[in-house]
Amino acid sequence: MGRPGPYHAVVIEASDLTKRFRQLGGYRDLALYPWRRRSHLAVDDISLEIGEGELFGLLGENGAGKTTLIRMLTTTLVPTSGSARVGGYDVVRNPHPVRRLIGLVSGDERTFYWRLTGRQNLEFFASLYHVARPRATRRIAELLDSLDVADYADERFDTYSTGIRQKFAIARGLLTEPRVLFLDEPTRALDPIAADETRRYINDHIVSRLGTTVLMATHTLSEAESMCRRIAIIRHGRMFAAGSMDELRSRMALRDVFELVVVGRSAGLRDTISAVTGLEHVLAVAEGDQTRVQVHMNGRQGALNDLLRAVLETGVQVQSSTMRRPTLDDIYRAAHADT
Amino acid sequence: MRTPEEATGGWPQVARATFVRDARTAMSYRTGFLLTFVGSVLNILGIFFLSRAFGETLGPNLDRYGGTYFAFAVVGVAISTFMAVGMTGISSRIREGQMMGTLELMLLSPNRLGVLLFSSSLWSHAQSLATLSLYLLAGAVLGMDLGRANLPMAGASLALSIVAFDALGLIAASVVIVIKQGNPVSLFFGMASVLLSGVLYPTSVLPQGLQALSQLLPLTHALELMRRSALAGEGIDTLWRPFLALALLTAVYFPIGLWACARAVRIAQTDGSLAQY
């Protein structure tokens, strides 16, 4: 189970949360095999704890179960088994208090009234979420300014670009100043610049300034690594690993990565390096007269000295070298290689 | 953090906002909005010429409704249209919510299901009241006599009819939430009502078995009440029987409709189909 650490009050907690969707067959199946009950396991026994003010990442490929997990935590989907609490309230037994605490931003462009203006949409949702009218007017103006979309507010929603629509989705999610914000792939359809702006806004404004607890689903590795203090990797509905980057590295037993670029051809370079003890996952890729080498150090004292000596003895020249810690990309690939 | 003092507004605020949203959306389709009213006027003209051609043959059956076929048919078509709009109003909004992906967000709000459904029906009621007024106005211009109308009784009958038609609308909406496409309940009640409730002819011309069946349809009693109060000027002393029948049907259908909607939402929340269409 991923734990938020000793300094945080737990705001979101899930315990053995499972969702199994019934799969409907056609009339033919119903007639020929009426006893058959087919189902699809979308979320399998997931447990997690997220602390107050934390930005927690849910990482997984499409169909991994991220959105299903978020829908259960936001009370719009009933779990098959297990339990979950948000702000101390059970999402099945007490959905109304949960709904008062949360906001939801999805990457789905629908979810708005396209023939109304952006401002009319926000006014409607503010009323729906019981924000008193003077407060709603002030709040909408603040959000439009901070998201830099005030100039578009009185144009019809169907005239907006995807980036502007996503900013309005974020504004809607923040209308009630929620204690917990669920972001379901908020940068999915955005270009790189708009995605960066959105990430910056989430980090600087929503988390750092407002102190909102954020659960963000994404399949962008760099996004999760750069933004989230803790990350859960979900595969086929199961939580594969969860924790900080250090905890994930430790969980995957991944050591530091040494990268080397050498000039000059050496046919036996890869074999020479592989013969050095204390190295794992040796990779050598030739590009023109350069060879790019990547190895994982297993921690043996002197392994780096032995590696460099062996490389130089082959007659090549070292052009550059870097030692780096395993990135989320390394962890994610290792997770996929494991299963 | 939001405080309880700031989070006031409650269901009237939700109802108002939903009404404004639906009105703005409807007005944005200007041509369709105008054509609806043009269609109503053309409908009245059709009834007018139909009554001139064949109206006299129904003469004796129409005495208790003020005597003229034109007035009888105008009220019949007006109230059945009123029922159709009222009955499909909630399910149409539900369907739009499914298509636009807003239904899940509506249900994510801290509102009771009944408040959301009631709010969703308001614009339809306003629209159907405007259409009804247009029918009656056009009918009056073409010679329909409303001089003897018992307005308090007609008003009370209309109010009860709205609730009765909403009850059918709730049942129809519950089916739409689960099966998405189509609106079979509205279609069934609509067809059955046009056939059996006496929209264009009095129920007295139907065979005994069908007359008994027609008593289960709210439109039968709504038409009886509206015609006899608006055209013949009758009050509760003579209309208590259809009024009671309509109230009883409403008392049965309304809780069924609310229960069915709550059950349908639960099914959709379980099978994950709230946002599907």
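1. A starting point is the pairing at one end of the main sheet in chain A: A:I231 has A:G243 as its bridge partner in β10(A). This pairing belongs to strand β9 (residues 230-235) of chain A, which is joined to β10(A) by 5 bridges, with the two strands running antiparallel. The model is a predicted one, and the points below should be read with that in mind.

2. The sheet as a whole is open and has 6 strands, in the order β6-β7-β8-β3-β9-β10 (chain A), with mixed pairing. Its edge strands are β6 (102-106) and β10 (238-243) of chain A, each of which pairs on one side only. From one strand to the next, the twist averages 15°.

3. Strand β8 of chain A has a parallel neighbour on each side. Strand β3 (residues 55-59) of chain A pairs with β8(A) in the parallel sense over 5 bridges, and A:L58 stands opposite A:A217 of β8(A). Strand β7 (residues 180-184) of chain A also runs parallel to β8(A), joined by 5 bridges. Here A:V180 has A:T213 in β8(A) as its bridge partner.

4. Is β8(A) covered on both faces, or on one? In a regular strand, side chains alternate between the two faces of the sheet. On one side of β8(A) are A:T213, A:L215 and A:A217, on the other A:V214, A:M216 and A:T218, and all of these are buried. Strand β8 (residues 213-218) of chain A is largely enclosed by the rest of the structure, because 6 of its 6 residues are buried.

5. Helices lie across this sheet. β7(A), helix α7 (residues 192-209) of chain A and β8(A) make a right-handed β-α-β unit. The same helix, α7(A), lies across β3, β7 and β8 of chain A, at about 150° to β8(A). Helix α6 (residues 162-174) of chain A lies across β6 and β7 of chain A and runs at about 170° to β6(A).

6. The largest nonpolar core has 151 residues, and those with the most contacts inside it are A:L73, A:V214, B:V74 and B:V75. Helix α3 (residues 69-100) of chain B gives the most to this core, with 17 residues. Leaving aside residues up to four places away in sequence, B:V74 touches B:I44, B:I47, B:Y135, B:G139 and B:M144. Another core lies apart from the largest one; it has 11 residues, among them A:L269, A:V276, A:L279 and A:L307.

7. How many residues of each chain take part in the contact between chain A and chain B? The contact involves 29 residues of chain A and 30 residues of chain B. On the chain A side, the elements giving two or more residues are β1 (10-23), α3 (95-101) and α4 (118-128) of chain A. The largest share, 4 residues, comes from α4(A). By type, the residues on this side of chain A divide into 11 nonpolar, 9 polar and 9 charged.

8. Some overall figures for chain A complete the note. Chain A has 12 helices and 14 strands, and 44% of its 339 residues count as buried. Its C-alpha atoms fill a box of roughly 75 × 60 × 45 Å along the principal axes. Of the contacts in chain A with a separation of 6 or more, 72% are between residues 24 or more positions apart.

Technical notes: Residues are numbered from 1 along each chain as its sequence is written. Chains are lettered from A and ligands numbered from 1 in the order in which they are written. This is a predicted model: local features need pLDDT of at least 70, side-chain atom pairs count only at pLDDT 80 or more; totals for chains, interfaces and linings use all residues. A residue is buried if 20 or more other C-beta atoms lie within 10 Å of its own, exposed if 12 or fewer, and partly exposed in between; C-beta atoms are placed from the backbone. Two strands pair if DSSP finds at least two bridges between them. A crossover is right-handed if, with the strands pointing away from the viewer, the path from the first strand over the helix to the second runs clockwise. A nonpolar core is a set of buried Ala, Val, Leu, Ile, Met, Phe, Trp, Tyr and Cys residues joined through C-beta atoms within 7 Å. Two residues are in contact if their C-beta atoms, placed from the backbone, lie within 7 Å. Axes are lines fitted to C-alpha atoms, for helices over the stretch in contact, and angles run from 0 to 180 degrees between N-to-C directions. Ala, Val, Leu, Ile, Met, Phe, Trp, Tyr, Cys and Pro count as nonpolar, Asp, Glu, Lys and Arg as charged, and the others, Gly among them, as polar.
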